[in-house]
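Subject: Structure for you to look at

Hi,

Here is the structure I promised to pass on. Have it open while you read, and my notes should be easy to follow.

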Amino acid sequence: MVEVRAVSDTACRYLNMLVYGPAGTGKTYLAKTAADAGHKVLVIDAESGVMSVRDSKCSVVSVTNTSDVKEAVKHVSETLGTYDVIFLDSLTEVQQQYVTKYKGKGDKITMEAWGFIISRTFALVRYLRDLPVSIVVTCLPQDLQDEGTGAVLTRPALNGKKLPHQVAGMFDLVAYSSKRGVKDGLEYVLQFAAPGERYLTKDRSGRLPAVCPSDYGQIYRTVFNETRNEKR
């Protein structure tokens, strides 16, 4: 027999988030803010971009090909409980590693190979999302034209017509990263809600502002209604 419980009894403490945006808008830096907030962080680095977290307590595993990705995922599954947050930076680059592996002569990719690349990308994200640990996946952005209206849509940069939406659908939080001017210069921000259809954003918690500083610790505390001095 199935067990029926109150939804409050099934609430977890894991945060799963997709962050996409241009280079230099703090996507990798978000991992540093998680470590600074006391979370144990592992960065799966596919972009050789960990300079922004070099002064943090993050752990890093570099992946440059599909074999590295497989080993990194194996490490994550074998060390559950060691880390609080896994950052995959970035899914755009990991998919490109699949492309490099499966392209044929003359850099041509068959339809069969494309199907495999897309399914492997989706399966990787789903596997990580379902682990008992918080997950942050980053992507670069791409501008697409809506076939019906002609409007420009900004989406995660992933090959596969439906894949950007399918991947976004697996996450509780989807944010577009950017920079904005402040009194002392610039700050990184995440946009969790946007007017119109230009950006793909989402906040299932219903607790985040439309735009907030790119600070994992602050986001975590807000989503789970914690005060600054509380521990997980």
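First, a bit of vocabulary: helices (H or I, at least four residues) and strands (E, at least two) are DSSP runs, numbered from the N terminus. With that in hand, you can find serine 90 in the loop between strand 4 (85–89) and helix 3 (91–102). The peptide bond leading into it, from aspartate 89 to serine 90, is cis, with omega near 0 degrees.

Some ground rules before you go on. This is a predicted model, so local features need pLDDT of at least 70 and side-chain atom pairs count only at pLDDT 80 or more, while totals for chains, interfaces and linings use all residues. Residues are numbered from 1 along each chain as its sequence is written, and side-chain values use heavy atoms, leaving out hydrogens and water.

The whole chain

The chain has six helices and eleven strands. Its radius of gyration is 18 Å, close to the 17 Å that the globule rule gives for 232 residues, so the chain is as compact as a globular protein of that length. (That radius is taken over C-alpha atoms, and the rule is 2.2 Å times the number of residues to the power 0.38.) Along its principal axes, the C-alpha trace spans about 55 × 50 × 45 Å.

Of the 232 residues, 41% are buried. Buried means under 20% relative accessible area, exposed means over 50%, and partly exposed is in between (1.4 Å probe, protein chains only). Now for contacts, meaning heavy atoms within 4.5 Å: among those with a separation of 6 or more, 64% are between residues 24 or more positions apart. As for charge, there are 30 positive and 26 negative side chains, and the centres of the two sets lie 1 Å apart. Lys and Arg count as positive and Asp and Glu as negative, with His and the chain ends not counted; each charge is placed at NZ of Lys, CZ of Arg, CG of Asp or CD of Glu.

Two covered helices

Take helix 1 (29–36). Six of its eight residues are buried, namely Leu30, Ala31, Lys32, Thr33, Ala34 and Ala35. What covers them? The cover includes strand 1, strand 2 (41–45), strand 4, strand 5 (134–139), strand 9 and helix 6. Just after helix 1 comes glycine 38, with a positive phi of about 100 degrees.

Helix 6 (residues 216–223) also has six of its eight residues buried, so it is largely enclosed by the rest of the structure. The buried ones are Tyr216, Gly217, Ile219, Tyr220, Arg221 and Val223. At the N-terminal end, aspartate 215 acts as a cap: a side-chain oxygen lies 3.0 Å from the backbone nitrogen of glycine 217. After the helix comes asparagine 225, whose phi is positive, near 55 degrees.

Lysine 27 and serine 177

Is lysine 27 buried or exposed? At 7% relative accessibility, lysine 27 counts as buried. It sits in the loop between strand 1 (16–20) and helix 1. Its side chain reaches the backbone oxygen of glycine 21 at 2.9 Å. That is a polar contact, a pair of N or O atoms within 3.5 Å; within protein, one must be able to donate a hydrogen and the other to accept it, and residues adjacent in sequence count only if both atoms are side-chain atoms. Lysine 27 and valine 137 are 110 residues apart along the chain, yet their C-alpha atoms are separated by 9.3 Å.

Beyond its neighbours within four places in sequence, lysine 27 is in contact with residues including Thr138, Cys139 and Ser177. Serine 177 belongs to strand 8 (residues 173–182) and is buried, with a relative accessible area of 1%. Its side chain makes a polar contact with that of threonine 25 (2.8 Å).

Lysine 179 and glutamine 191

Lysine 179 is in strand 8 too, but it counts as partly exposed, at 44% relative accessibility. Outside its neighbours within four places, its contacts include Gly24, Thr25 and Val189. Lysine 179 and glutamine 191 are twelve residues apart in sequence and 10 Å apart in space, C-alpha to C-alpha. Glutamine 191 is found in strand 9 (residues 185–191) and is buried, at 17% relative accessible area. Again leaving aside neighbours within four places, its contacts include Val174, Tyr199 and Ala210.

Cheers
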